[in-house]
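User: I've got a model open and would like to talk it through with you. Could we go question by question?

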Amino acid sequence: LSQVLALRPRTWRDKGEVAADPDTTHRIPGFIAEEVHALGLTEWVTYEGGVPESIQYDRIGAAQHVVLIDHEKRLSDALDRIAALEAAA
């Protein structure tokens with residue numbers, strides 16, 4: 001979970017778009033393959049010659065869902081404890 005939460009979304013300009021129009025302001029959101037690799041989330045990374053090349057975004061949602069489930073359980077547990085404390089007061 002901590003690895004997924006450590007991901008830092010970034011934006012960048014596409015090399016092809018910049019080549020076609022150096023003044024483009026269009027930015028693309030996502031993650032940096034090297035950073036995802038460094039976090040140990042190598043199953044999300046596509047490699048070329050052993051070097052991180054791109055992200056397999058179709059796999060990220062599953063891992064993020066695990067984080068969501070964990071947070072939902074923690075929230076539910078906290079709300080149950082608050083209710084119990086309020087009932088005892």
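User: Which loop holds G40?

Analyst: Keep in mind that this is a predicted model. The two elements flanking G40 are a helix and a strand, the latter covering 45–48. That puts G40 in the loop between α3 and β3.

User: Is G40 buried, exposed or partly exposed?

Analyst: Buried would need under 20% relative accessible area, and exposed would need over 50%. G40 comes out at 38%, so the label for G40 is partly exposed.

User: How far apart in space are G40 and L79?

Analyst: Along the sequence, 39 residues separate G40 and L79. Going C-alpha to C-alpha, the distance between them is 33 Å.

User: What radius of gyration does the protein have, set against a compact globule?

Analyst: Start with the box: the C-alpha atoms fill roughly 65 × 30 × 20 Å along the principal axes. A compact globule of 89 residues would come in near 12 Å. For this protein the radius of gyration is 20 Å.

User: What share of the residues counts as buried?

Analyst: The accessible surface is about 6600 Å², with 57% of that belonging to carbon and sulfur atoms. Out of the 89 residues, the share that counts as buried is 17%.

User: Which helix gives the most to the largest nonpolar core?

Analyst: That core has 12 residues in all, among them V4, L7, F31, W44 and I60. Both α3 (33–38) and α4 (57–88) supply at least two residues each. With three residues, the top contributor is α4.

User: Which residues does L7 contact, leaving aside neighbours within four places in sequence?

Analyst: L7 belongs to that largest nonpolar core, and in general, nonpolar side chains in soluble globular proteins tend to be buried together. Once the sequence neighbours are dropped, the contacts of L7 are F31, V36, L39, L41 and W44.

User: Why does T24 count as buried?

Analyst: T24 sits in the loop between α2 (15–20) and β2 (28–30). Beyond its neighbours within four places in sequence, T24 is in contact with R13, E17 and V18. The cut-off for buried is under 20%. T24 counts as buried because its relative accessible area is 13%.

User: How far apart are the centres of the positive and negative side chains?

Analyst: There are 9 positive side chains and 15 negative ones. Take the centre of each set, and the gap between the two is 5 Å.

User: What pattern does the protein follow along the sequence?

Analyst: The secondary structure comes to four helices and four strands. Read along the sequence, they give α-β-α-β-α-β-β-α.

Methods
Residues are numbered from 1 along each chain as its sequence is written. This is a predicted model: local features need pLDDT of at least 70, side-chain atom pairs count only at pLDDT 80 or more; totals for chains, interfaces and linings use all residues. Side-chain values use heavy atoms; hydrogens and water are left out. Buried means under 20% relative accessible area, exposed over 50%, partly exposed in between (1.4 Å probe, protein chains only). Contact means heavy atoms within 4.5 Å. The radius of gyration is taken over C-alpha atoms; the globule rule is 2.2 Å times the number of residues to the power 0.38. Accessible areas come from the Shrake-Rupley method with a 1.4 Å probe; for residues, only the protein chains shown count as cover. Lys and Arg count as positive and Asp and Glu as negative; His and the chain ends are not counted. The place of a charge is taken as NZ of Lys, CZ of Arg, CG of Asp or CD of Glu. A nonpolar core is a set of buried Ala, Val, Leu, Ile, Met, Phe, Trp, Tyr and Cys residues joined through side-chain atoms within 4.5 Å.
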